[in-house]
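Here are a few notes to read with the structure open beside you. Take them one at a time and find each spot on screen before moving on.

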Amino acid sequence: MFWKKDAAAWPGPVEIDAAEVGARPGRGEIALVDVREPNEIAAERIPGAISVPLSQFDPAALPKGEVVLTCLGGKRSAMALAKCRSAGVPVNMQKRGGLTAWKAAGLPTVR
């Protein structure tokens with residue numbers, strides 16, 4: 001991959017808050033990728049989020065363009081960001097606080 005050589009120069013992880021993420025997918029500006037497992041997604045999810053479980057996570061298979069990773073609280077999305085960096089895939093954004101922060105902000109979920 002041509003990105004690999006530039007991976008060390010990428011800025012560290014960027015955390016964006018739930019309100020910003022909530023506004024952007026509706027405008028088609030980002031792909032929100034939820035790295036929780038299928039049973040968690042089935043119980044509750046953010047509308048429009050793409051499911052890519054961490055257990056099967058392949059950075060090269062992520063959508064092209066601006067990707068924001070999310071999970072329940074932030075730990076697994078940080079792990080996925082590390083996998084992206086190791087693979088040389090230029091993804092460096094995660095949603096601060098995951099689904100927990102999303103719900104605390106009063107944003108909608110699908111059950």
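1. Let's start with a pair of strands. S4 and strand S5 (residues 93-95) lie parallel and are paired over two bridges. To see one spot in that pairing, look for Val 68, which stands opposite Met 93 in S5. Between these strands the chain goes from S4 through H3 to S5, a β-α-β crossover that is right-handed. Keep in mind that this is a predicted model.

2. S4 has another partner too. S2 runs parallel to S4, and four bridges join them. One place to look is Ala 31, whose bridge partner in S4 is Val 67.

3. Now zoom out for the overall layout. The chain has four helices and five strands. Reading from the N terminus, you'll meet them in the order β-α-β-α-β-β-α-β-α.

4. Back to S4: which of its residues are buried on each side? Val 67 and Leu 69 are buried on one side, and Val 68 and Thr 70 are buried on the other, so both faces of the strand are covered. A handy rule for picturing this is that side chains in a regular strand alternate between the two faces of the sheet.

5. Next, the largest nonpolar core, which has 15 residues. The members that touch the most other members are Val 33, Val 35, Phe 57, Leu 69 and Val 91. Which elements give two or more residues to it? They are strand S2 (31-34), strand S4 (67-70) and helix H3 (75-87). H3 gives the most, with three residues. Apart from this core lies another one, of ten residues, including Ala 18, Ile 30, Ile 46 and Met 93.

6. Leu 69 is worth a click of its own. Setting aside neighbours within four places in sequence, Leu 69 is in contact with Val 33, Val 35, Phe 57, Ser 77, Ala 80, Leu 81, Val 91, Met 93, Gln 94 and Lys 95. Val 33, Val 35, Phe 57 and Val 91 in that list are also named, along with Leu 69, among the core members that touch the most others.

7. Finally, some totals for the chain. Of its 111 residues, 38% count as buried. The chain exposes about 5,800 Å², and carbon and sulfur atoms supply 58% of that area. As for contacts between residues at least 6 apart in sequence, 69% of them join residues at least 24 apart.

Technical notes
Residues are numbered from 1 along each chain as its sequence is written. This is a predicted model: local features need pLDDT of at least 70, side-chain atom pairs count only at pLDDT 80 or more; totals for chains, interfaces and linings use all residues. Side-chain values use heavy atoms; hydrogens and water are left out. A nonpolar core is a set of buried Ala, Val, Leu, Ile, Met, Phe, Trp, Tyr and Cys residues joined through side-chain atoms within 4.5 Å. Buried means under 20% relative accessible area, exposed over 50%, partly exposed in between (1.4 Å probe, protein chains only). Contact means heavy atoms within 4.5 Å. Accessible areas come from the Shrake-Rupley method with a 1.4 Å probe; for residues, only the protein chains shown count as cover. Two strands pair if DSSP finds at least two bridges between them. A crossover is right-handed if, with the strands pointing away from the viewer, the path from the first strand over the helix to the second runs clockwise.
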